[in-house]
Amino acid sequence: MEAIPPSPATAGASDDASRRWYPVGTHITVRGLTKRFDGVTVYDNFDLNIPKGRITSVFGPNGCGKSTLINMISGILPYDAGQILFEGKVARETRIGYVFQNYREAVFPWMRAIDNIRYPLQFLDISKGERQTLLDQVVDSFGVSFDLNRYPYEMSGGQQQLVSIMRALVVEPEVLFLDEPFSALDYEMVMFLRGILQKVLKEREVTTLLVSHDLDEAVLLADEVLLLTKRPTRVAERLEFNAPRPRGADTSVTPEFVATKTRALEVFQREVRA
């Protein structure tokens, strides 16, 4: 695929090694993305810029392709046409973390929790000591209180998902993808994981894409909410939410949250009826 040329409307930056251009402040650049399933067009010549170091949530009607979008961007799912770059690099040149919805299938049942977390480090070209340092850092940052020498079947669902999240972050990814990571958990654990994940992501300034079917969650966790249309999917609107962190239950009753959620709901209902 050819490189994305610099836009005359925006300043650009260049990766000296590849000379591929991307807009300043943008981490993920999507151009001309096209995807069809059995003749049904989900995305057609779709463009998108995702800002660097921020949390962007993806919300839209059922079947619009929210998970499909992040799966294409992350390199899990092939696409029919277009280009996706990470500051001028392709996915295989980018350190990526991914947290799946189904933690039961994501963690390896034959490995202890600590070995699950450690697993991706074997693919990094670093020393054994450096791997141990990364492992210690991610465990410390989450303040884990349960025994990581246990196997997944000995842990609760929330603990298994926490292990999955730590495994995604242990490699210090440039970009993190979260696909409905809390939907199968009880509310108490959801509140805990939302809080600790916000803290870690902001400390590390990881560019994050979150798919959620929960509008409250989509607004609460994000710096920006990306609202999508029905198929063929395009961006309906982008809403910024700049409430201070950490955000919790108190945030959801503030005028800023209510206003952002109300606008998101208006756009969502408009697109559903379209």
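Look just past the end of helix H6 and you'll find Glu-205, which takes a positive phi of about 55 degrees. Keep in mind that this is a predicted model. Now step back along the helix itself: H6 covers residues 187-204, 18 residues in all. From its first C-alpha to its last it reaches 26 Å, close to the 26 Å expected at 1.5 Å a residue. At the N-terminal end, Asp-186 acts as a cap, with a side-chain oxygen 3.2 Å from the backbone nitrogen of Glu-188.

Which residues of H6 are buried? They are Met-189, Val-190, Leu-193, Arg-194, Ile-196, Leu-197, Gln-198, Val-200 and Leu-201. Their cover includes three helices, H4 (128-142), H5 (157-169) and H7 (215-221), along with strands S5, S8 and S9.

Those strands lead us to the sheet. Six strands make up an open sheet with mixed pairing, and if you walk across it you meet them in the order S7-S8-S9-S5-S10-S11. At the edges sit S7 (96-99) and S11 (235-240), each pairing on one side only. On average, neighbouring strands here are turned by 15 degrees against each other, direction ignored. For a look at one pairing, try S5 (residues 55-59) and S9 (residues 207-211): they run in the parallel sense and share four bridges. Here Thr-56 stands opposite Leu-209 in S9.

Helices pack on this sheet too. One of them is H1 (residues 66-74), which touches S5, S7, S8 (175-179), S9 and S10 (224-228). The direction of H1 makes about 150 degrees with that of S8. Another is H8 (residues 255-273), in touch with S5, S10 and S11, and its direction makes about 175 degrees with that of S11.

Next, the aromatic rings. How many aromatic pairs does the structure hold? There are nine. Take Tyr-43 and Phe-46: their ring centres are 4.9 Å apart and their planes sit at 70 degrees, so this pair is edge-to-face. Tyr-43 is buried, with a relative accessible area of 0%, and Phe-46 is buried as well, at 3%.

Tyr-98 and Phe-177 pair up in another way: with centres 6.0 Å apart and planes at 25 degrees, they count as stacked. This pair links distant parts of the chain, since Tyr-98 is in S7 and Phe-177 is in S8, 79 residues apart. Tyr-98 has 12% relative accessibility, and because buried means under 20%, it counts as buried. Phe-177 is buried too, at 0%. Finally, look for one aromatic cluster, formed by Phe-108, Trp-110, Tyr-119 and Phe-123.

Methods
Residues numbered from 1 in each chain as written. Predicted model: local features only at pLDDT ≥ 70, side-chain atom pairs only at ≥ 80, totals over all residues. Heavy atoms only, no water. Pairing = 2+ DSSP bridges. Helix = DSSP H or I, 4+ residues; strand = E, 2+ residues; numbered from the N terminus. Axes fitted to C-alpha atoms, helices over the stretch in contact; angles between N-to-C directions. Contact = heavy atoms within 4.5 Å. Expected span 1.5 Å × (residues − 1). Buried < 20%, exposed > 50% of the residue type's maximum accessible area, 1.4 Å probe, protein only. Polar contact = N/O pair within 3.5 Å; in protein donor to acceptor, adjacent residues only side chain to side chain. Phe/Tyr/Trp six-rings, centres within 6.5 Å; stacked < 30°, edge-to-face > 60°.
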